[in-house]
Amino acid sequence: MENKKIILDKTQIKIVKSKRKRILVLAGAGSGKTTTIVAKIKYLINTLKVNPKDILCLSFTNDAVNSLKNSLNKKDIDVMTFHKLALKIIGRKKEILTEDMLKDIVINTFSCDSLYGIYQMSKDDMYNLVTTFINLFKSNGYELDYFYKIINKAPFKEKLLLKQIMKCYICYEAYLNKENVMDFNDMINEAIKMLDYKTINYKYIIIDEYQDISLTKFKLIKKIIKLNSCFLFAVGDDFQSIYGFTGSNLKVIVDFKRYFPISKIFKLKKTYRNSDELIKIAGKFIMKNPYQIKKRMHSIINVKNPVEIVYYDDLNKKINEVIKMDKVNNLFVLSRNNSDLNLVNIKKVKYRKLTVHKAKGLESDYVFVINLNNNKNGFPNKIKDHEILRYVNNYKECYLYEEERRLFYVALTRCIKKVYLFAPTNNPSLFVEEIKKYKNVIIRRDKK
């Protein structure tokens, strides 16, 4: 491999040199996760003389995979998404289904307008609910007989809705089979079944962003580990688990030792991005969630008052005023909801507008988190999941706004220098009202 010098801290060196067979690395925000993964792979190949073809490195998006490939600069290591791994196991490439087909099925199944009235939903809300239900249903490995089980137990009004969703599911599956296509959940589930009949040979499995793993993806990995007696090296951060709505399950990372009893957990607690003052604010905030693995991050960087709460009456006026007064440049404008970003107009500075979900893994000198209001669709978002989703959601929150709190933690930790929290004067977010009491947080209000 390329002999580019990688500088590691003491904890990273211990992790890289560890010969434990099952390892979880809890890599806090900005703690050098990619550096650690790359160093581990180079150590396996250069020092332990592992054949690169025996190493499988997995992540969740094509962007993350390409970033790892560029860092490794080695073509004979399999670096891929879970879905590409599944297709490799299945042995043939099928067409991937577009969402449009499922939308047509939902609209046709709920074609009677009275059904929307019964459930008090628009066509879009119904489509979103059914697709979320089916995605969680399949990402947790359920099959058709599970519908009959839950319908028998459900109250009358829920029975009606579950029967309609089941009808959508049956039509959807029939279409998949007829057209010989699959969705992303099918790839994983079919690959799990296929491993009963064929083998896939790896000795080391390395997983990036482990906090995003679903139960079915976990089953796939566990089956490969069992077949090959693989080493597992998982890297993630339970503080940044923000994709519960797509099927990721926090239990898989938080209860790692229960799933792999003879294992070692390392914690990367030094951040190279955030100031010590900021990471302590973010840490205090996230550890209000009781179901998180306790870790206290630290940094050698110091920034006095790295969090500023900016109360506003006119958002754009206040944003541009802050930019001018504080000479802010190179910034992210982050929001909980995509629609809020369209409201922002900024002049003459380098900036990028993103939802917090899309900003995960990225960083900027300054961060503006906007529209931190106390509305139903504010931040935290207070729109409750439909009750029907409890049948397919294997992770139940044990603390109010638990995942929203993790999402806010992600927003706070994107900044290198300072984060500004913009909240309406008359209706500020619960999170803003909580965090304003913390040390090293300052407040800016309009002068009366």
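Helix 14 spans residues 276–286 and is mostly covered, with 9 of its 11 residues buried. Buried here means under 20% relative accessible area, exposed means over 50%, and partly exposed lies in between (1.4 Å probe, protein chains only). The cover over these buried residues includes strand 9 (307–312), helix 18 (402–412), strand 13 (415–424), helix 19 (430–435) and strand 14 (441–444). Helices (H or I, at least four residues) and strands (E, at least two) are DSSP runs, numbered from the N terminus. Among the buried residues of helix 14 are L278, I279, I281 and F285.

This is a predicted model: local features need pLDDT of at least 70, side-chain atom pairs count only at pLDDT 80 or more, and totals for chains, interfaces and linings use all residues. Residues are numbered from 1 along each chain as its sequence is written, and side-chain values use heavy atoms, without hydrogens and water.

Two of the covering strands are tied by charge. E308 and R444 form a salt bridge through their side chains (2.5 Å, N to O). A salt bridge is a side-chain nitrogen of Lys or Arg within 4 Å of a carboxyl oxygen of Asp or Glu. E308 lies in strand 9 and R444 in strand 14, so the pair joins parts 136 residues apart in sequence. E308 counts as buried because its relative accessibility is 4%. R444 is buried too, at 15%.

Helix 18 has its own salt bridges. R336 meets E404 at 2.8 Å, N to O. R336 sits in the loop between strand 10 (331–335) and helix 16 (338–341), while E404 is in helix 18, 68 residues apart. Within helix 18, R406 and E402 meet at 3.0 Å, N to O. They are 4 residues apart, so about one helical turn separates them. R406 is buried at 1% relative accessibility, and E402 is buried at 0%.

Now turn to the sheet. It is open, with 6 strands in the order 3-2-6-7-1-8 and parallel pairing. Strands pair if DSSP finds at least two bridges between them. The edges are strand 3 (78–81) and strand 8 (264–268), each pairing on one side only. Strand 2 (residues 55–59) pairs with strand 6 (residues 204–207) over 4 bridges, in the parallel sense. One bridge partner in strand 6 is I206, which faces C57.

Just before strand 2 comes D54, in the loop that follows helix 2 (33–46). D54 is buried, with a relative accessible area of 18%.

Notes. Contact means heavy atoms within 4.5 Å.
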